[in-house]
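The following exercises are to be worked with the sequence and the coordinates at hand. Each task is followed by a stepwise solution.

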Amino acid sequence: MTIYNQILTEKEFVQQDRLTYPFEERGLQFGDGIYEVIRVYNGSYYLIDEHVERLYRSADAIKLTVPYPKEDLYHHLEKLLKVNDIQGDAKVYLQITRGSAPRDHAFPAIPQPNMYAYVKDLPRPVEKLKTGVHAITQPDVRWDWCYIKSLNLLPNVLAKQTAKEQGCFEAILHKEGEVTECSSSNVYLVKDGKVHTHPPKKNILHGCVRLGIERFCEEESIPFIEKAFHLDDIQNADEIFLSSSTAEVMPIIQIGEQTIGNGEPGNITRTLQKCYEKDAK
Ligand code: PDD
């Protein structure tokens with residue numbers, strides 16, 4: 001995997017090894033910041049408008065000013081791919097923090113946000129997309145405002161690590177049995193030809209790929225039901241899948257001891273994978 005050299009900051013492009021952070025950086029001390037992970041296919045952004053809109057929404061929600069106006073951000077993000085000569089599949093990680101100031105929970109009087117965005121190769125997870133993956137379930141112990149893509153990811157990190165230690169790809173999160181989303185993706189249950197997923201309330205991240213899936217369902221006349229399903233529904237599910245900018249439309253074929261459907265990726269998941277591939281081209 002290559003990390004490319006040129007990193008976009010709040011002021012200019014800098015060489016990767018020149019980027020340093022002050023010790024009283026609020027992103028480090030308080031997780032006081034937001035981020036985005038944007039997919040790149042064949043050197044072009046996928047769902048860029050959705051990501052940029054969500055970035056500004058997250059910034060508004062935590063009273064943070066994005067250092068660039070929207071048009072300039074688009075321009076600089078395009079330049080990021082150009083200066084690093086990106087032609088293949090990659091991801092861009094972008095984060096903005098409230099900057100550095102003497103440590104105090106309250107905001108600094110005049111915050112000076114720190115931002116950086118870098119690009120890294122990211123091949124498509126083709127093998128897993130074919131075979132499907134295993135998942136576990138975990139209680140969702142996060143706060144009520146998960147629609148903000150904030151840097152506070154400790155509960156997500158711990159849930160994902162537990163999944164990994166059990167040889168699984170993801171942790172499906174639930175609040176008292178009601179499934180919200182996964183540690184770093186949205187999750188869907190298919191029953192009798194209908195796709196069920198948690199409504200886009202404040203307690204889940206409104207995934208950009210989730211918006212794509214809603215659109216694909218409409219195009220394919222597949223009912224898309226925004227109502228949370230329950231852990232108990234899993235045993236009778238026909239199919240379960242997850243979505244994110246890095247995992248795409250990923251079939252889940254086993255959850256804990258429970259095999260999903262016949263243990264292979266199902267027809268609706270396959271259809272939505274095809275829609276995704278077509279859309280991302
Ligand atoms: N995560 N839910 C959570 C909690 C996420 O962290 C993500 C994305 C998603 C899917 O969002 P999108 O479709 O916009 O990628 C849902 C990214 C990939 C990450 O943190 O690495």
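**Exercise 1. A side-chain contact**

What is the length of the polar contact that joins the side chains of Glu-36 and Arg-54?

Solution.
Step 1. Note that the model is predicted, and that side-chain atom pairs count only at pLDDT 80 or more.
Step 2. Locate the acidic partner: Glu-36 is found in strand E3.
Step 3. Take the separation of the polar atoms: the side chains of Glu-36 and Arg-54 are joined at 2.7 Å. The cut-off for a polar contact is 3.5 Å between N or O atoms.
Step 4. Classify the environment. The relative accessible area of Glu-36 is 1%; buried means under 20%, so Glu-36 is buried.

**Exercise 2. The surroundings of the ligand**

Determine how many residues surround the ligand, and which parts of the chain supply them.

Solution.
Step 1. Count the shell: 21 residues surround the ligand. The closest are Tyr-35, Arg-54, Glu-181, Cys-208 and Ser-245.
Step 2. Divide the shell by residue class: 6 are nonpolar, 11 polar and 4 charged.
Step 3. Assign the shell to secondary structure. At least two residues each come from strand E3 (33-41), helix H2 (48-61), strand E9 (178-182), helix H6 (208-219) and strand E13 (239-244).
Step 4. Assign the shell to domains. Domain 1 (6-121) and domain 2 (126-280) each contribute at least three residues.

**Exercise 3. Polar atoms facing the ligand**

Which protein atoms lie 3.4 Å, 3.0 Å and 2.6 Å from polar atoms of the ligand?

Solution.
Step 1. Begin with the ligand nitrogen: a backbone N or O atom of Ser-184 lies 3.4 Å from a nitrogen atom of the ligand.
Step 2. Turn to the ligand oxygens. A backbone N or O atom of Val-209 is 3.0 Å from an oxygen atom of the ligand. For Ser-245, an N or O atom in the side chain is 2.6 Å from an oxygen atom of the ligand.
Step 3. Evaluate the cover: on its own the ligand has 480 Å² of accessible area, and the protein covers 90% of this.

**Exercise 4. Aromatic pairs of Tyr-93**

Describe the geometry of the ring pairs that Tyr-93 forms with Tyr-116 and with Tyr-118.

Solution.
Step 1. Establish the descriptors: a pair of aromatic rings is described by the distance of the centres and the angle of the planes.
Step 2. Search the whole structure, which yields 10 aromatic pairs.
Step 3. For Tyr-93 and Tyr-116, the ring centres are 6.1 Å apart and the planes stand at 45°, so the pair is tilted. Tyr-93 lies in strand E5 (residues 90-97) and Tyr-116 in strand E6 (residues 114-121), so this pair ties together parts that are 23 residues apart in sequence. Both Tyr-93 and Tyr-116 are buried.
Step 4. For Tyr-93 and Tyr-118, the values are 5.6 Å centre to centre and 35° between the planes, again a tilted pair. Because Tyr-93 lies in strand E5 and Tyr-118 in strand E6, the pair ties together parts that are 25 residues apart in sequence. Tyr-118 is buried, as is Tyr-93.
Step 5. Extend the network: ring pairs link Tyr-21, Tyr-35, Tyr-93, Tyr-116 and Tyr-118 into a cluster.

**Exercise 5. Positive phi values**

Is Lys-63 buried or exposed, and what is the phi value of this residue? Treat Asp-85 likewise.

Solution.
Step 1. Phi of Lys-63 is near 55°, a positive value in a residue other than glycine. Lys-63 is placed in the loop between H2 and helix H3 (70-83).
Step 2. The relative accessibility of Lys-63 is 66%; exposed means over 50%, so Lys-63 counts as exposed.
Step 3. Asp-85, also not a glycine, has a positive phi of about 55° and is found in the loop between H3 and E5. With a relative accessible area of 54%, Asp-85 is exposed.

**Exercise 6. A buried threonine**

Which backbone atom lies 2.7 Å from a polar side-chain atom of Thr-197?

Solution.
Step 1. Place the residue: Thr-197 lies in strand E11 (residues 194-197).
Step 2. Identify the partner, which is the backbone oxygen of Val-187.
Step 3. Classify the burial: at a relative accessible area of 2%, Thr-197 is buried.

Terms used
Residues are numbered from 1 along each chain as its sequence is written. This is a predicted model: local features need pLDDT of at least 70, side-chain atom pairs count only at pLDDT 80 or more; totals for chains, interfaces and linings use all residues. Side-chain values use heavy atoms; hydrogens and water are left out. A residue is near a molecule or strand if one of its heavy atoms lies within 4 Å of it. A polar contact is a pair of N or O atoms within 3.5 Å; within protein, one must be able to donate a hydrogen and the other to accept it, and residues adjacent in sequence count only if both atoms are side-chain atoms. Accessible areas come from the Shrake-Rupley method with a 1.4 Å probe; for residues, only the protein chains shown count as cover. Helices (H or I, at least four residues) and strands (E, at least two) are DSSP runs, numbered from the N terminus. Ala, Val, Leu, Ile, Met, Phe, Trp, Tyr, Cys and Pro count as nonpolar, Asp, Glu, Lys and Arg as charged, and the others, Gly among them, as polar. Domain bounds come from an automatic or database domain assignment. Rings of Phe, Tyr and Trp (its six-membered ring) pair if their centres lie within 6.5 Å; planes under 30 degrees apart count as stacked, over 60 as edge-to-face and the rest as tilted. Buried means under 20% relative accessible area, exposed over 50%, partly exposed in between (1.4 Å probe, protein chains only).
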